[in-house]
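Reader: I would like a close look at one part of this model, beginning from a single residue and working outward to its surroundings. Please take me through it slowly, and then set it against the rest of the protein.

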Amino acid sequence: MSRRKSQDDYHEIIRALSGRLVEAQTPIRVLDAIKWDDSVRQGFLKAKGRAMPAVDRAYYDSRPLAFDAVAKKLEFQNIERDITRQLGQFNPVGQIMRRMCKEYRMVIRMLEARGTADFGLISQELYGAASDAFHAGDPTLADLGLMLSDYLNNIAARGDLHDEPKSLTAKDAVAILQERLAKVFGDDTIRVLESDGIVADAAAGADYIKIRSDALFNERDVRALEVHEGMVHVGTTLNGLNQPVCTFLAKGPPSSTVTQEGLAILMEVIAFASYPYRLRKLTNRTRAIHMAEEGADFLQVFEFYQEQGYGLEESYGNASRVFRGSTPDGLPFTKDLSYLKGFILIYNYIQLAVRKGKLEQIPLLFCGKTTLEDMRTLRQLVDEGLVAPPKYLPPQFRDLNALAAWMCFSNFLNHLSLDRIEADYANIL
């Protein structure tokens with residue numbers, strides 16, 4: 001057998017296993033399975049926010065999953081076993097796919113546990129907890145949330161950095177985003193459309209972005225959506241769909257969510273698309289999850305949001321993100337930690353890549369729905385021709401000159417003591 005034939009057979013085995021993995025995860029829609037329907041919201045608002053939402057284990061039982069959980073877990077187990085049989089125990093692609101199979105089985109177990117204490121515990125295994133440290137001896141996510149809140153309070157006290165009025169309609173936002181994204185991806189690659197069927201202001205799909213038809217935006221909001229939803233979420237999906245062999249990179253298990261959201265927040269920061277009001281939303285989510293981990297119930301988290309200046313309906317919406325899939329007095333769903341957690345992890349990764357002169361590693365974050373722990377393996381797979389380099393890259397990652405320069409300075413600045421600087425600058429600031 002020729003070497004070329006042998007390589008083609010090897011690629012075909014990986015492509016077939018990858019295809020099975022992609023197909024198996026198709027009906028698993030975590031957010032659809034755990035969200036509370038409008039009747040819960042209406043009941044809470046009717047009680048003027050004084051009674052707990054009517055959600056318990058029976059509520060979730062009345063909303064069955066869109067797949068047979070037992071059969072689906074067995075399917076992933078069979079795929080995992082076939083990966084080992086056909087690729088061996090230590091094959092790098094096989095190791096990534098086996099981990100994905102394990103994660104998806106854990107996701108199914110979490111969804112089976114909706115409305116029980118196990119739901120929150122499995123969520124922490126998948127997405128982490130607010131009390132997790134980044135590294136030994138470092139502050140936790142909860143510490144980061146409180147620290148950022150203090151900084152934002154100091155900024156807010158100035159009174160001159162108010163958010164601009166939201167004067168752009170969904171139709172305006174659609175037109176602006178369509179024009180801007182066409183310049184990066186090409187005219188017909190990404191569709192931007194209005195939608196009545198989403199809860200958030202915007203949602204990204206494989207090759208589209210939906211904008212909620214009754215939402216209002218300002219210029220900063222649209223810029224953030226351009227880089228967050230368009231350049232990162234849709235961009236990485238399209239790069240995953242362009243993979244000739246490792247097609248699983250088009251789909252992301254929970255471990256890739258942390259990388260994805262971290263990359264999206266980093267893009268907002270380096271594109272100067274973020275702003276204090278948006279950052280406060282992320283810190284509030286982290287603080288609210290930590291409150292729930294420490295025993296706060298829905299009403300206490302709801303009151304926290306009201307204290308932050310949100311109205312009745314917005315406070316309900318924010319608090320329900322924390323307890324979806326759980327009960328109003330249960331452990332939280334911790335996916336929303338992914339934003340700040342992912343940002344710190346990605347930022348540190350890029351800093352180290354620059355410090356060690358491994359700039360070629362950085363764009364590979366966009367190969368698809370990547371996971372940080374797989375980055376060294378992905379470099380190897382690109383060299384072997386099993387993974388295609390990303391076709392679509394934001395300008396900041398296509399030309400790494402500015403990013404590398406920034407990170408060089410950042411690496412040095414990290415060694416300075418901010419407390420000492422504050423003391424020395426006391427007379428000039």
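Author: Ser338 is a residue of helix 15, and since this is a predicted model, what follows describes computed coordinates. With a relative accessibility of 0%, Ser338 counts as buried, because buried means under 20%. Leaving aside residues up to four places away in sequence, Ser338 touches Tyr127, Thr257, Val258, Glu261, Gly262 and Phe343.

Helix 15 covers residues 338-355, and its part in the second largest pocket is the next thing to examine. That pocket has a volume of about 2,000 Å³. It is lined by 43 residues, of which Met147, Leu148, Tyr151, Asn414 and Leu418 are the closest to its centre. Which helix gives the most to this lining? Helix 15 does, with eight residues. At least two lining residues each also come from helix 8 (141-156), helix 11 (254-270), helix 12 (276-293), helix 18 (401-413) and helix 19 (418-424). By kind, the lining of the second largest pocket divides into 30 nonpolar residues, eight polar ones and five charged ones.

Helix 8, one of the helices that supply this lining, can be followed through Leu144, which has its place there. Is Leu144 buried or exposed? Its relative accessible area is 12%, and as this is under the 20% limit, Leu144 is buried. Not counting residues up to four places away in sequence, Leu144 touches Phe134, Leu340 and Ile344. One of these contacts, Leu340, lies 196 residues from Leu144 along the chain, yet the C-alpha atoms of the two are separated by 8.4 Å.

Helix 11 and helix 12 also belong to the group that lines the second largest pocket, and the loop between these two helices holds Phe272. Phi of Phe272 is near 55°, a positive value in a residue other than glycine. Most residues other than glycine have a negative phi. Phe272 has a relative accessible area of 75% and is therefore exposed, the limit being over 50%. A second example of such a backbone angle is Lys48, with a phi near 60°, again positive in a residue other than glycine. Lys48 sits in the loop between helix 3 (38-46) and helix 4 (57-61), and at 53% relative accessibility Lys48 counts as exposed.

From the open pocket one can turn to enclosed space. Rolling a probe the size of a water molecule over the atoms shows where empty space is left. How many cavities of 30 Å³ or more does a search of the whole structure find? It finds one, and the space in the largest cavity comes to about 70 Å³. The residues that line this cavity are Ile96, Arg99, Met100, Phe248, Leu249, Lys251, Pro253, Lys369, Thr370, Thr371, Asp374 and Leu378. Helix 6 supplies the largest share of this lining, three residues, and the lining as a whole consists of six nonpolar, two polar and four charged residues.

Phe248, named in the lining of that cavity, also leads into the nonpolar interior. The largest nonpolar core contains 103 residues, and those touching the most other members are Leu111, Phe248, Ile350 and Phe397. Helix 6 (residues 92-112) gives the most to this core, with eleven residues. Leu111 itself touches Ile28, Val30, Ala33, Ile34, Leu65 and Phe67, again not counting residues up to four places away in sequence. Another core lies apart from the largest one and has 19 residues, including Ala173, Leu181, Phe185 and Ala215.

Finally, the region can be placed within the whole. The protein has 19 helices and three strands. Its radius of gyration is 22 Å, close to the 22 Å that the globule rule gives for 429 residues, so the protein is as compact as a globular protein of that length. The C-alpha trace spans about 75 × 60 × 50 Å along the principal axes, and buried residues, with Ser338 and Leu144 among them, make up 51% of the 429 residues. Among the contacts with a separation of 6 or more, 74% are between residues 24 or more positions apart, and the contact between Leu144 and Leu340, which are 196 residues apart along the chain, is one example of such a pairing.

Methods
Residues numbered from 1 in each chain as written. Predicted model: local features only at pLDDT ≥ 70, side-chain atom pairs only at ≥ 80, totals over all residues. Heavy atoms only, no water. 1 Å grid on protein atoms, 1.4 Å probe; cavity = no way out; pocket = protein on both sides within 12 Å on 5 of 7 lines; lining within 4 Å. Points joined across faces, edges and corners; volume = space filled by probe spheres on them. Helix = DSSP H or I, 4+ residues; strand = E, 2+ residues; numbered from the N terminus. Nonpolar A, V, L, I, M, F, W, Y, C, P; charged D, E, K, R; others polar. Core = buried A, V, L, I, M, F, W, Y, C linked by side-chain atoms within 4.5 Å. Buried < 20%, exposed > 50% of the residue type's maximum accessible area, 1.4 Å probe, protein only. Contact = heavy atoms within 4.5 Å. Rg over C-alpha atoms; globule rule 2.2 N^0.38 Å.
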